Amino acid sequence: MEEIYAKFVSQKISKTRWRPVPSGSLQTAETFATGSWDNEENCVSLWSIGDFGNLDSDGGFEGDHQLLCDIRHHGDVMDLQFFDQERIVAASSTGGVTVFLHHPNNQTLSVNQQWPAAHHHTGPSSPSYSSAPCTGIVCDNPEIVSVGEDGRINLFRVDHKEAVRTIDNADSSTLHAVTFLRTPEIVTVNSIGQLKIWDFRQQGSEPCQILSLTGDRVPLHCVDRHPNQQHVVATGGQDGMLSIWDVRQGTMPVSLLKAHEAEMWEVHFHPSNPDHLFTCSEDGSLWHWDASTNGSEKSSLFHQGGRSSTFLSHSISNQATVHQSLISSWLSTDPAKDRIEITSLLPSRTLSVNSLDVLGPCLVCGTDAEAIYVTRQLFS
């Protein structure tokens, strides 16, 4: 079990993100940002992970995440993404999108740019311009894409006052999350179990592809794209299931993996080790999924605090046509042959684990129990 360190911060943490390390540099992750929610005053904060491994008075290890700076945020922080080394973009429950600038010389954060009414409900049933929460953002310098409860998609460019492109009625339901498939294509997930692909080169407000869960149309809350194989997408839903999709074929997930007991809030492929995937849930758990095939015989049981439950997968599509060596370990159709090993990373169940991020050997997550957990030894 990796050493994982907790720090209690007196605010519910809705989002945690590592600051990217400069490309080509050998340094490991040192700084992360957090956003809070459901507090009297919410804020965006920057932390340094400090020197780990200090023995505390009880002889245990304590994590010493140092607060570098913070700034008040209007509304709950619904999403948080680093735009570059200095800028952090936050999505608000008030419908706004804000870019914060970090000043390392005096350790402060300031508002760099704002689109306060990025998301809003209009129409006869609501007073003109009532706000709608902005639920998700994704950045690819110089662009920022936002999605919201109003079913709207915005494409912003830093240093532009207005949105470069807005798809007003992109979705009749709530959009929960967005990520880039490949620039200029994005993928969104919504509250009726649909995954939609949009191409900003195309005019009009129609997606170029729609995939969906069959049956109950369970809301999808999160989405991530495989870093090397851009056709492989993972989503997490309200039922806690992990779905793996191959957007090149079919309209349904390739596999559904029985996972958490409540909503899955985030799913992340490891950016440089994508056979490893991480999920967190309302049920208070944080899981590391290992689909790498180097293990001699992977266990097909979950290990959660001594309790084991059998691993279930429904494989949906037949992949005989795709050359075997090109298939991602996540698209394997025989789960019994390619077992996935799942490790629970938190020492005990807590309140909802709302967010996680992984970079190199480092992981950070934030919870409703007002704690931030950090480990620097994911693969040790």
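Over which residues, with 11 contacts beyond four places in sequence, does pLDDT stay under 50? The answer is residues 53-61. This is a predicted model, and a good way into it is to see how far each part can be trusted. Across the chain, pLDDT averages 86, and 84% of the residues score at least 70. Residues 295-326 form another stretch where pLDDT stays under 50, and there the model has 68 contacts beyond four places in sequence. Where pLDDT is low, the predicted coordinates should not be read in detail. Do keep that in mind when you look at the contacts of residues 53-61 and 295-326.

Let us turn to the backbone. Most residues other than glycine have a negative phi, and most peptide bonds are trans. Against that background, four places invite a look.

Begin with the peptide bonds. The one from Asn141 to Pro142 is cis, with omega near 10 degrees. Follow strand 14 (134-140) to its end and you will find Pro142 in the loop that leads to strand 15 (143-148). Further along, the bond joining Thr183 to Pro184 is also cis, its omega near 5 degrees. Pro184 sits in a loop too, between strand 18 (175-182) and strand 19 (185-190).

Now for phi. Ser10, which is not a glycine, has a positive phi of about 60 degrees. You can find Ser10 in the loop between strand 1 (5-8) and strand 2 (13-18), and its relative accessibility of 63% makes it exposed. Asp159 likewise has a positive phi, near 75 degrees. Its loop runs between strand 16 (153-157) and strand 17 (165-167), and with a relative accessible area of 65%, Asp159 is exposed.

Methods:
Residues numbered from 1 in each chain as written. Predicted model: local features only at pLDDT ≥ 70, side-chain atom pairs only at ≥ 80, totals over all residues. Heavy atoms only, no water. pLDDT = per-residue confidence, 0-100. Contact = heavy atoms within 4.5 Å. Helix = DSSP H or I, 4+ residues; strand = E, 2+ residues; numbered from the N terminus. Buried < 20%, exposed > 50% of the residue type's maximum accessible area, 1.4 Å probe, protein only.
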